[in-house]
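Trainee: I would like to learn how to read a few features from a model. Can we go through them one at a time?
Mentor: Yes; here is the model.

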Amino acid sequence: MIDVQALSKKFGDNLVLSDISTNIQKGEVVAIIGPSGSGKSTFLRCLNLLETPTSGAIEISGKNLTASRKEIHKIRQQIGMVFQHFHLFPHMTVLENLMYAPLKAKGVKKYDAEEKARQLLDRVGLAQKAAAYPNSLSGGQKQRVAIARALAMEPELMLFDEPTSALDPEMVKEVLEVMKDLAKSGMTMVIVTHEMGFAREVADRVLFLDHGILVEEGEPESFFKNPASARARDFLDKVL
Amino acid sequence: MNLDFSQIVPYIPFMLEGIWVTLKFVFFAIILGSILGTVLALFKIGSAKPLRWFADAYTSIFRGTPLILQLMIIYYSIPQLTGYDISPFLSAILAFGLNSSAYISEIIRAGIQAVDKGQLEAAQALGVPYGAMMKDIILPQALKNILPALMNEFITLTKESAIVSTIGYLDLMRRAQVVGADLFRNFEPLLFVGLIYWCLVMGLTVIGRMVERRLKLSD
């Protein structure tokens with residue numbers, strides 16, 4: 001479903017991603033881990049062109065991203081994204097947050113958009129918050145709304161950029177539960193995370209990035225038990 | 001003390017009529033300035049270099065020269081160059097609208113840039129087209145931040161509107177001068193319209209506060 005070929009990204013003279021190639025299959029859940037500054041988030045943001053790659057090619061569902069700059073917003077509608085800091089629209093209610101993009105970007109009928117939105121709020125356990133404004137929600141609730149908002153577009157693929165890093169510890173679980181459910185439902189997911197336990201339990205595959213290089217990838221069991229590279233071993237020693 | 005307000009009483013209806021005359025062109029000038037100012041602000045933050053260059057040059061010219069000069073140039077040069085006999089009313093709307101749009105565009109630009117960049121990214125990630133994103137996500141949030149600055153600009157415009165008296169437009173200020181010339185007493189009519197200007201500005205201030213409160217509902 002996602003095919004990344006020799007992806008590199010420079011910020012000025014600073015090489016943040018170096019020659020990354022990988023494949024992600026439909027239905028696969030991939031966790032991207034690595035030290036901060038390793039380029040994890042930049043890699044993820046390249047997948048929906050929030051960052052423009054300096055070189056290399058990204059293909060999603062057969063469409064070459066960098067070659068289709070003009071229809072990028074059509075492609076982005078197929079790719080949900082969840083941010084570390086939620087980025088809910090503060091001037092809209094929770095329900096409006098969920099309905100906005102389907103209405104304005106996809107041309108869904110208002111009635112259908114609302115039904116879908118309420119259904120999704122129910123799914124993330126926030127049906128009673130439909131009329132609330134984002135500022136009145138807790139961090140965990142905001143992130144669940146953000147996930148529901150992305151799902152409202154019925155994407156084929158979901159990207160998560162450190163979805164629990166800005167949360168108070170007691171709220172991490174409720175967000176991870178929602179993500180677990182989503183993984184079980186067969187959604188293709190790419191998750192940048194510091195939650196090693198979650199990566200180990202939910203991911204089908206782990207990518208380990210360091211200094212912009214894809215150092216190692218593999219199944220979580222073998223990766224966490226027996227990392228092949230010294231750098232991964234070193235990193236895991238520090239975080240586990 | 002040689003103050004005698006009873007003398008201006010017969011002239012009060014004439015001066016009060018000036019409120020409507022002033023408000024009429026101020027209203028249209030604010031509309032023109034706001035629309036043009038928004039467009040210029042979008043040019044300034046956009047990626048098209050010629051448009052950015054145009055908006056910057058425009059702002060530089062209209063902020064860099066006196067408003068009264070711009071008003072005179074529009075009022076006197078248009079008939080001379082085109083033969084079209086432009087009315088003081090239309091000249092006033094144009095001069096104030098064009099001038100104000102330069103200031104408003106700077107206010108809006110700053111407001112847009114102060115909106116959290118994550119809002120833009122969230123809208124982009126959802127595949128929302130640029131126009132809809134600006135209209136529904138970015139501008140409403142920018143507007144909330146810049147409302148006090150915007151109200152300030154509208155208040156300035158309302159007060160500075162008095163300089164249209166120089167092209168013979170019968171606004172509040174001009175009417176005070178006419179009455180003053182008639183009575184050979186200037187202080188009383190000037191004080192009277194001064195009070196009216198103050199009331200107009202207070203009205204604007206109250207409206208601004210009300211709008212601000214409404215926009216704060218989501219906090």
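Trainee: Which residues point one way from strand β6 (residues 79-82) of chain A, and which the other way?
Mentor: Keep in mind that this model is predicted. In a regular strand, side chains alternate between the two faces of the sheet. In β6 of chain A, A:I79 and A:M81 point one way, while A:G80 and A:V82 point the other way. All of them are buried.

Trainee: Which strand do bridges join to β6(A)?
Mentor: Strand β7 (residues 157-161) of chain A is joined to β6(A) by four bridges, and the two run parallel. Within that pairing, A:V82 stands opposite A:F160.

Trainee: Next, the nonpolar cores. Which members of the largest nonpolar core touch the most other members?
Mentor: The general idea is that nonpolar side chains in soluble globular proteins tend to be buried together. Here the largest nonpolar core has 78 residues, and A:F43, A:L47, A:V190 and B:V128 touch the most other members. Helix α6 (residues 130-160) of chain B gives the most to this core, with 12 residues. Apart from it lies another core, of 40 residues, which includes A:L120, A:V145, A:A146 and A:V175.

Trainee: What does A:L47 touch, not counting residues up to four places away in sequence?
Mentor: With those set aside, A:L47 touches A:I2, A:V4, A:I58, A:I60, A:L65, A:I79, A:L159 and A:V190. One of these, A:I79, was met above as a buried residue of β6(A).

Trainee: How many salt bridges does a search of the whole structure find?
Mentor: Side chains of opposite charge can pair when their charged atoms come close. Over all chains, the search finds 21 salt bridges. In one of them, the side chains of A:K104 and B:D136 meet at 3.2 Å, N to O. This pair joins two chains, because A:K104 lies in helix α3 (residues 94-104) of chain A and B:D136 in helix α6 of chain B.

Trainee: Is B:D136 buried or exposed?
Mentor: B:D136 has a relative accessible area of 14%; the cut-off for buried is under 20%, so B:D136 is buried. A:K104, at 41% relative accessibility, counts as partly exposed.

Trainee: Which parts of chain A does the salt bridge between A:D210 and A:R231 tie together?
Mentor: The side chains of A:D210 and A:R231 meet at 3.3 Å, N to O. A:D210 lies in strand β9 (residues 205-210) of chain A and A:R231 in helix α9 (residues 230-239) of chain A, so the pair ties together parts that are 21 residues apart in sequence. A:D210 is buried, with a relative accessible area of 10%, whereas A:R231 is partly exposed at 37%.

Trainee: Where do B:E121 and B:K117 lie?
Mentor: Both are in helix α5 (residues 117-125) of chain B, four residues apart, which is about one turn of the helix. They form a salt bridge, with the closest N and O atoms 3.6 Å apart. B:E121 counts as buried at 10% relative accessibility, and B:K117 as exposed at 57%. Salt bridges that share partners join A:R45, A:E51, B:K117 and B:E121 into one network.

Trainee: What does A:T42 touch, again not counting residues up to four places away in sequence?
Mentor: A:T42 touches A:K9, A:F11, A:L17 and A:E51 on that count. The last of these, A:E51, also belongs to the salt-bridge network. A:T42 itself is in helix α1 (residues 40-46) of chain A and counts as buried at 12% relative accessibility.

Note on methods: Residues numbered from 1 in each chain as written. Chains lettered and ligands numbered in written order. Predicted model: local features only at pLDDT ≥ 70, side-chain atom pairs only at ≥ 80, totals over all residues. Heavy atoms only, no water. Core = buried A, V, L, I, M, F, W, Y, C linked by side-chain atoms within 4.5 Å. Buried < 20%, exposed > 50% of the residue type's maximum accessible area, 1.4 Å probe, protein only. Contact = heavy atoms within 4.5 Å. Pairing = 2+ DSSP bridges. Salt bridge = Lys/Arg side-chain N within 4 Å of Asp/Glu carboxyl O.
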